[in-house]
Amino acid sequence: MSKQLILALSKGRILDETLPLLAEAGITPAEDLRASRKLLFDTNMPGVKLVVIRATDVPTYVQLGAADVGIAGKDVLLEHGAEGLYEPIDLEIARCRLMTAGVQGVEPARARLRVATKFVNVARRYYAAQGIQAEVIKLYGAMELAPMMNLADEIVDIVDTGNTLRANGMEPRELIAPISTRLVVNQAAMTMKHERIKPLLEGMRAAVARRRAA
Ligand code: AMP
């Protein structure tokens with residue numbers, strides 16, 4: 001098997017939960033990812049390399065074939081659109097919810113809403129599907145601040161415990177989508193590198209199933 005296989009991993013909280021699953025599927029980085037400033041790593045498997053990049057860049061790498069396989073949150077995939085990607089495995093890690101949220105006790109407006117979010121595509125689709133006219137404002141962080149500063153009426157954001165919202169006088173409202181981490185595969189690579197990708201998918205599926213049974 002001469003063809004190399006590139007896996008694109010999301011930096012941050014997903015990485016810590018991804019590495020044990022990859023290890024169970026037989027792939028371990030050749031060096032400590034956290035201790036290095038490198039971005040491209042060899043692994044114990046000849047011809048299998050890892051790139052560690054921003055979660056929002058993972059679908060782009062896989063879609064354009066710069067990476068064959070990617071690991072990213074469903075939130076990122078929904079926002080990106082993820083055309084040209086197969087999504088064969090729900091890794092069932094980093095679970096959370098993509099939700100709308102507003103100021104506690106304030107009746108959600110049904111007329112023209114201002115919505116602050118980094119998930120602008122998801123938000124536009126969601127409010128349009130609800131028949132609500134929304135002006136969607138792109139922010140890169142601290143969404144919870146937007147209603148307090150009169151920048152927006154609602155936000156669309158990731159909610160886990162809801163503590164961040166409550167600490168800022170906000171409440172979760174509508175569920176847009178349950179989120180977990182997914183393994184995605186470039187469609188051409190799925191065919192061209194099937195003999196390399198198949199055992200990886202089997203190993204990851206088995207690791208997820210063991211977790212579920214534990
Ligand atoms: P919480 O206060 O527990 O509701 O956590 C909410 C914040 O944590 C959000 O603003 C997110 O930025 C972050 N967060 C929680 N879970 C995840 C996840 N699975 N993936 C990405 N970000 C998350």
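**Exercise 1. Work out how Glu-24 is paired, and which parts of the chain the pair links.**

Solution. Begin with the charged atoms: Glu-24 forms a salt bridge with Arg-210, the closest N and O atoms being 3.1 Å apart, where a salt bridge is a side-chain nitrogen of Lys or Arg within 4 Å of a carboxyl oxygen of Asp or Glu. Next, place the partners: Glu-24 is in helix α1 and Arg-210 in helix α8 (residues 194-213), so that the pair links distant parts of the chain, 186 residues apart; helices (H or I, at least four residues) and strands (E, at least two) are DSSP runs, numbered from the N terminus. Finally, turn to accessibility: Glu-24 counts as partly exposed because its relative accessibility is 34%, and Arg-210 counts as partly exposed at 46%, given that buried means under 20% relative accessible area, exposed over 50%, and partly exposed in between (1.4 Å probe, protein chains only).

The model is predicted, so local features need pLDDT of at least 70 and side-chain atom pairs count only at pLDDT 80 or more, while totals for chains, interfaces and linings use all residues. Residues are numbered from 1 along each chain as its sequence is written, and side-chain values use heavy atoms, with hydrogens and water left out.

**Exercise 2. Identify the acidic partner of Arg-182, and state whether Arg-182 is buried or exposed.**

Solution. The side chain of Arg-182 meets that of Glu-87 in a salt bridge (2.8 Å, N to O). Arg-182 lies in strand β11 (residues 181-186) and Glu-87 in strand β5 (residues 85-90), so the pair ties together parts that are 95 residues apart in sequence. With a relative accessible area of 13%, Arg-182 is buried, whereas Glu-87, at 32%, counts as partly exposed. Widening the view, a network of salt bridges links Lys-74, Glu-87, Asp-90 and Arg-182, and the count of salt bridges comes to 14.

**Exercise 3. Determine which residues touch the most other members of the largest nonpolar core, and which element supplies its largest share.**

Solution. A nonpolar core is a set of buried Ala, Val, Leu, Ile, Met, Phe, Trp, Tyr and Cys residues joined through side-chain atoms within 4.5 Å. The largest one has 30 residues, of which Leu-7, Leu-22, Leu-91, Leu-183, Ile-197, Leu-200 and Met-204 touch the most other members. At least two residues each come from β1 (5-10), α1, β3 (48-53), β4 (69-73), β11, α7 (187-192) and α8, and the largest share, six residues, comes from α8. To follow one member outward, leave aside its neighbours within four places in sequence: Leu-183 is then in contact (heavy atoms within 4.5 Å) with residues including Val-69, Ile-71, Glu-87, Leu-91, Leu-201 and Met-204. Apart from this core lies another, of 15 residues, among them Cys-96, Val-115, Tyr-126 and Ala-177.

**Exercise 4. Describe the surroundings of Ile-155, and find which residues it contacts beyond its neighbours within four places in sequence.**

Solution. Ile-155 is found in strand β9 (residues 154-159), and at 0% relative accessibility Ile-155 counts as buried. Beyond its neighbours within four places in sequence, Ile-155 is in contact with several residues, among them Met-99, Val-115, Met-143, Ala-146, Leu-165 and Met-170. For one of these, Met-99, the separation from Ile-155 is 56 residues in sequence and 8.2 Å in space, C-alpha to C-alpha.
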